[in-house]
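Visitor: I have this one open and would like to go through it with you. Could we start with one of the helices and work outwards?

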Amino acid sequence: EIPIITVDGPSGAGKGTLCQKLAQYYGFHLLDSGAIYRIAALAVCNLQVSIEDESAVLRVIETLDIQFKTVDQKIAVFLDGKEVSSQIRTERVGMAASKIAALGNVRAALLERQRHFAQSPGLIADGRDMGTTVFPNADVKVFLTATAEERARRRYQQLLSSGVDADFEAILSDIQLRDEQDSKRAVSPLKACTSAVSIDSSEMTIDAVFEKIVEYADS
Ligand code: CDP
């Protein structure tokens with residue numbers, strides 16, 4: 001059995017940073033499932049397929065050529081052999097990812113691709129439905145949250161420190177909109193798994209969250 005730790009939660013709760021730290025600490029593989037949905041959305045946008053056309057979207061997903069490569073402890077993502085690491089991080093692609101992620105057939109088509117990441121010596125899986133649907137037998141399940149204001153504040157700081165001009169109110173309303181879209185969808189809505197340990201990181205640093213999970217996982 002491959003050991004698996006799942007980390008689920010809403011947009012901007014700090015899952016990405018946390019999962020990178022966990023993967024490094026345990027020497028495990030890392031699945032950024034959001035990146036898969038984002039690459040799928042980018043492919044759909046690039047091919048000018050309408051998100052409303054479910055069967056056309058599905059055809060794109062089924063032939064998706066995705067690769068992840070670790071370079072200097074950072075994960076670079078490739079679509080059709082071209083690096084798209086920064087391209088998939090735009091708000092436009094995030095919003096499109098959230099829309100196609102609401103389609104049940106899309107989620108089903110991406111299931112096996114995600115399960116493939118569970119390889120020796122272990123896996124840290126970051127997403128929305130890792131503990132509930134993709135890896136229901138995971139050894140440790142975490143549900144990481146933070147208030148929408150705190151998540152917006154972190155995103156805002158992150159943008160400012162990378163030299164990007166940012167608008168706090170716009171970021172906050174994007175986060176609220178995506179929360180709404182992700183939690184109210186009919187298929188696999190974002191919800192805590194009953195067996196997950198729930199952590200509110202609003203008043204905690206990601207380092208403190210990391211310490212808490214390692215303590216819990218190793219006990
Ligand atoms: O963290 P952030 O919300 O910015 O984005 P992400 O984790 O990269 O995910 C992008 C979108 O993909 C989310 O808004 C979700 O709608 C969707 N997603 C999903 O449905 N299931 C997952 N396991 C991961 C992401």
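Visitor: Which exposed residues sit on the face of α3 turned away from its buried side?

Guide: In this predicted model, the face of α3 that points away from the buried side carries Ser55 and Glu62, both of them exposed.

Visitor: And which residues of α3 are buried?

Guide: Helix α3 spans residues 54-62, and Val57, Val60 and Ile61 are buried in it. Viewed down the axis of α3, the buried residues fall within an arc of 100°, so they line one face of the helix.

Visitor: What do they pack against?

Guide: The buried residues of α3 pack against α2, α4 and α5, the last of these covering residues 104-115.

Visitor: Okay, the ligand. Which residues come nearest?

Guide: There are 16 residues around the ligand, and those that come nearest are Ser11, Gly34, Ser98, Ala101 and Gly127. Two or more residues of that shell are given by each of α2 (33-46), α4 (91-100) and α8 (168-184).

Visitor: Which element gives the most?

Guide: That is α2, which gives 5 residues to the shell around the ligand.

Visitor: How does the shell split by class?

Guide: The shell around the ligand has 7 polar, 5 charged and 4 nonpolar residues.

Visitor: Now the interior. Which residues of the largest nonpolar core touch the most other members?

Guide: That core has 28 residues, and the ones touching the most other members are Val7, Leu123, Ile124, Ala125, Val142 and Leu144. The elements giving two or more residues to this core are β1 (4-8), α1 (15-26), β6, α6 (130-134), β7 (140-145) and α9 (206-218). Apart from this one, there is a second, separate core of 22 residues, which includes Ile88, Ala97, Ile100 and Leu110.

Visitor: What does Leu144 touch?

Guide: If residues up to four places away in sequence are not counted, Leu144 touches Val7, Gly9, Ala13, Gly14, Lys15, Leu18, Ile199, Ser201 and Val209.

Visitor: I've also clicked on Ile5. Is that one buried or exposed?

Guide: Ile5, which is found in strand β1, has 26 other C-beta atoms within 10 Å and is therefore buried, the cut-off being 20 or more. Its contacts, leaving aside neighbours within four places in sequence, are Leu22, Ile124, Ala138, Asp139, Val140 and Ala217. For Ile5 and Ala138, which are 133 residues apart along the chain, the C-alpha atoms are separated by 6.0 Å.

Visitor: Switching to backbone oddities: which peptide bond is cis?

Guide: The bond from Ser120 to Pro121 is cis, with omega near 5°, and Pro121 lies in the loop between α5 and β6, the strand at 123-127.

Visitor: Which residues other than glycine have a positive phi?

Guide: Gln48 is one of them, with phi near 55°, and its place is in the loop between α2 and α3. Asp80 is another, with phi near 50°, and it is found in the loop between β4 (74-79) and β5 (82-83).

Visitor: Why does Gln48 count as exposed, and why does Asp80 count as partly exposed?

Guide: Gln48 has 6 C-beta neighbours inside 10 Å and so counts as exposed, for which the limit is 12 or fewer. Asp80 has 13 such neighbours inside 10 Å, so Asp80 counts as partly exposed.

Visitor: Last thing, what are the confidence scores?

Guide: The protein chain averages a pLDDT of 92, and 98% of the residues score at least 70, while the model scores ipTM 0.93 and pTM 0.92.

Methods. Residues numbered from 1 in each chain as written. Predicted model: local features only at pLDDT ≥ 70, side-chain atom pairs only at ≥ 80, totals over all residues. Near = placed C-beta within 6 Å. Helix = DSSP H or I, 4+ residues; strand = E, 2+ residues; numbered from the N terminus. Nonpolar A, V, L, I, M, F, W, Y, C, P; charged D, E, K, R; others polar. pLDDT = per-residue confidence, 0-100. Arc of directions from axis to C-beta. Contact = placed C-beta atoms within 7 Å. Core = buried A, V, L, I, M, F, W, Y, C linked by C-beta atoms within 7 Å.
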